[in-house]
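Visitor: Could you take me on a close look at the inside of this protein, starting with any enclosed space? I'm new to this, so please explain the terms as you go.

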Amino acid sequence: MHIVFFGDQHAESLGGAQVSMRLQRKYLERAGHTVTIVAPRMHAARARLAGAEDDPGYVDLPSVPITADREYSLTWPGRRTDRFLDRALTRRPPVDLVHVQADFWGAFIGHRFAHRHGIPAVHTMHNRVDVGIAAVTPLHRPVLGVLNLWRRTALRGIGAQPHGADGWAYLAGIAAESRAVTAPSGHFARRLEQHDVFGSVDVIWNGIDDEVREQVLAALRQAQGPGTERKPGRPRFIWLGRMSPEKRLLPFLEAVVASDVDADIEIVGGGGERRAAERIAAWAGRPGIHFAGRIGYADVLARIAAADAVVQTSIGFETQGMTPFEAATLGTPTVVSDPDIAAELRGGLWAVPDAGADEPARVAALAETLRTAAADIAAGRAPEPDPQVAADFRQSSRTAAMLEVYGRAIAG
């Protein structure tokens, strides 16, 4: 079977959806299938270092960079892109299934392709577009209105396009001609169904690479030695993610300062708020806050495994929240701010009390939870993650579940 993925961003760029697509491709190809990933060409030098330009499994669409670091790009959906894509895919085997894993231009391009060629489509919803846009602009309502207008224009004639102007109408529109829709968490799947985005949404978590997980845990056991449950030292917290407002990195650092917790804090990732985050750390005079920058997948997992706790700080935005699940799979507990993620983890966490929309109260609640977690870690009573989560999160099991969805979609 030849499956074509469509993404908003190149699979070698930074982001949870991109990591997931690379893993899905790896395990689908191991199962004997062919995978092509269609996305805008990445302009950052890292694309060349990753070998993406020479990989026949990538179809890089003409694009323009949209961020200062040239990490992310945009391809305009339209007839010119359609023609380029059709020509490019003549050099690949006939396509059996389209799997759209995009929310914006990649979704438009993918569903236009599926409709044009009469190919069944599966859509994975990765993004709460309403929450994400509201986090970065006070003009989120007019922005959503423009997005919906763009959606109706780009997908004219493709399924029954809703006339609404909110985030749910937008998501329903981009999935209008899909034969199946999947979501990476139960809480997001329920919301999609409740808002009539799709009738029945399959829950398929984004996974962790089975092999890399085993390598990371083996290296950790070797480094710790026999009989050592925890490396001595101050509690070690790690925060990972994109440094943008919806991820709430700055409130996390404010909570660290307010908590006065005696701990080492590692920040992994990059983005527009890095300088502001570094200023908070410098102003607080906290030498225990370390910025690791952007690092590779295996190194990320190794640092999660070596930490005493991951800290998850976004609220209401995540459609899954990869890091708490990666942490659970590696045996590391999490400080969890989002109640939906806390419920899905089923244990192995410190839940931050709900403070509503009051941001100062949220920071205070997080600070108190950090103090509690640090005390529990130092006393050797940190909670243990649910072992079933570790089993269910492996990519091999996720690929098997997705292949069942593919089979239904192709059967109609």
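Guide: Sure! A search of the whole structure turns up 1 cavity of 30 Å³ or more. A cavity here is a set of points, on a 1 Å grid over the protein atoms alone, where a 1.4 Å probe fits but cannot get out, and its lining residues have an atom within 4 Å of a point. Grid points are joined across faces, edges and corners, and the volume is the space filled by probe spheres set on those points. By that recipe, the largest cavity comes to about 130 Å³. It is lined by 17 residues, and Gln24, Ile204, Trp205, Asn206 and Met402 are the closest to its centre.

Keep in mind that this is a predicted model, where local features need pLDDT of at least 70, side-chain atom pairs count only at pLDDT 80 or more, and totals for chains, interfaces and linings use all residues. Residues are numbered from 1 along each chain as its sequence is written, and side-chain values use heavy atoms, leaving out hydrogens and water.

So what builds the wall? α1 (16–30), β8 (180–183) and α17 (395–411) each supply at least two lining residues, and α17 gives the largest share, 4 residues. Those labels come from DSSP runs numbered from the N terminus: helices are H or I with at least four residues, strands E with at least two.

As for chemistry, the lining splits into 6 nonpolar, 10 polar and 1 charged. In this count Ala, Val, Leu, Ile, Met, Phe, Trp, Tyr, Cys and Pro are nonpolar, Asp, Glu, Lys and Arg are charged, and the others, Gly among them, are polar.

Notes: 1 Å grid on protein atoms, 1.4 Å probe; cavity = no way out; pocket = protein on both sides within 12 Å on 5 of 7 lines; lining within 4 Å.
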